[in-house]
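Work through the exercises below with the sequence and the coordinates open. Each task is followed by a solution in steps.

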Amino acid sequence: PMLGANCEERDQAEFEYSDFSFSQFTGKYDDNQIPIFENDFVKIDGNRVGEVLFNNDNAAFEVSFFDGKILGFGALKGKGILVTGNRFEVPEVQVR
């Protein structure tokens, strides 16, 4: 009967409001051995904060800093990296 459309909408809403995330693991870990995922907020060397994003053109994960600069993980080698939260659990204002 008319169950189909309503079920789909309800299932979609349950995913949206759950703690479950579809963010991809980058293969990298921060200084505390916490896995770094796409959409995580990271602090570099204790002062610069950015969001981990996947760049389709480069097929690589990068950190997009709030000042507009973008760096790949290769450029961050040897720098201190700490996960401070992510887009889905921490409002951006709190991590600036």
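The exercises go from the overall fold to single residues, and the model they use is a predicted one.

**Exercise 1. Overall layout**

Task: State how many helices and strands the protein has, and give their order.

Solution.
- Step 1. The count is 2 helices and 7 strands.
- Step 2. Read from the N terminus, the order is α-β-β-β-β-β-β-β-α.
- Step 3. Of the 96 residues, 29% count as buried.
- Step 4. Take the contacts between residues at least 6 apart in sequence: 41% of them join residues at least 24 apart.

**Exercise 2. The largest nonpolar core**

Task: List the residues of the largest nonpolar core and find which strand supplies the largest share.

Solution.
- Step 1. The core has 10 residues, namely Ile36, Val42, Ile44, Val52, Phe61, Val63, Phe65, Phe73, Leu76 and Ile81.
- Step 2. At least two residues of this core come from each of strand 3 (40–44) and strand 5 (60–65).
- Step 3. Strand 5 gives the largest share, with 3 residues.
- Step 4. As background, nonpolar side chains in soluble globular proteins tend to be buried together.
- Step 5. For one member, isoleucine 81, leave out residues up to four places away in sequence; its contacts are then Asp30, Asp31, Ile36, Val42, Lys43, Ile44, Phe73 and Leu76.

**Exercise 3. The second largest pocket**

Task: Describe the second largest pocket by volume, lining residues and residue class.

Solution.
- Step 1. The volume of this pocket is about 170 Å³.
- Step 2. Its lining consists of Lys28, Tyr29, Asp31, Phe73, Gly74, Leu76, Lys77, Gly78, Lys79 and Ile81.
- Step 3. Sorted by class, the lining has 4 nonpolar, 2 polar and 4 charged residues.
- Step 4. Compare the lists: Phe73, Leu76 and Ile81 appear in the pocket lining and also in the largest nonpolar core.

**Exercise 4. Strand 7 and lysine 43**

Task: For valine 83, threonine 84 and lysine 43, decide whether each is buried, partly exposed or exposed, and place each against distant parts of the chain.

Solution.
- Step 1. Valine 83 is in strand 7, and threonine 84 lies in that strand, residues 81–86.
- Step 2. Valine 83 has a relative accessible area of 23%, so it is partly exposed.
- Step 3. Apart from neighbours within four places in sequence, valine 83 contacts Asp30, Ile34, Pro35, Ile36, Asp40, Phe41 and Val42. The C-alpha atoms of valine 83 and proline 35 are 8.4 Å apart, with their positions 48 residues apart along the chain.
- Step 4. Threonine 84 is partly exposed because its relative accessibility is 34%. Its C-alpha atom is separated by 9.9 Å from that of glutamate 51, 33 residues apart along the chain.
- Step 5. Lysine 43, in strand 3, has 31% relative accessibility and so is partly exposed.
- Step 6. Beyond four places in sequence, lysine 43 contacts Arg48, Val49, Gly80, Ile81, Leu82 and Thr84. From lysine 43 to glycine 80, the C-alpha distance is 7.9 Å and the sequence separation 37 residues.

**Exercise 5. Serine 23 and its polar contacts**

Task: Find which atoms or groups the side chain of serine 23 reaches.

Solution.
- Step 1. Serine 23 is in the loop between helix 1 (3–16) and strand 1 (25–29).
- Step 2. Buried means under 20% relative accessible area; serine 23, at 17%, therefore counts as buried.
- Step 3. Its contacts beyond four places in sequence are Phe37, Glu38, Asn39 and Phe88.
- Step 4. The serine 23 side chain reaches the backbone oxygen of glutamate 38 at 3.1 Å. A polar contact of 3.4 Å links it to the side chain of asparagine 39.

**Exercise 6. Two residues with positive phi**

Task: Which values does phi take in asparagine 39 and alanine 59, and is each residue buried or exposed?

Solution.
- Step 1. Most residues other than glycine have a negative phi.
- Step 2. Phi is near 75° in asparagine 39 and near 50° in alanine 59; each value is positive.
- Step 3. Asparagine 39 is in the loop between strand 2 (35–37) and strand 3; alanine 59 is in the loop between strand 4 and strand 5.
- Step 4. Asparagine 39 is buried, at 12% relative accessible area, whereas alanine 59 is exposed, at 56%.

Methods
Residues numbered from 1 in each chain as written. Predicted model: local features only at pLDDT ≥ 70, side-chain atom pairs only at ≥ 80, totals over all residues. Heavy atoms only, no water. 1 Å grid on protein atoms, 1.4 Å probe; cavity = no way out; pocket = protein on both sides within 12 Å on 5 of 7 lines; lining within 4 Å. Points joined across faces, edges and corners; volume = space filled by probe spheres on them. Nonpolar A, V, L, I, M, F, W, Y, C, P; charged D, E, K, R; others polar. Core = buried A, V, L, I, M, F, W, Y, C linked by side-chain atoms within 4.5 Å. Buried < 20%, exposed > 50% of the residue type's maximum accessible area, 1.4 Å probe, protein only. Helix = DSSP H or I, 4+ residues; strand = E, 2+ residues; numbered from the N terminus. Contact = heavy atoms within 4.5 Å. Polar contact = N/O pair within 3.5 Å; in protein donor to acceptor, adjacent residues only side chain to side chain.
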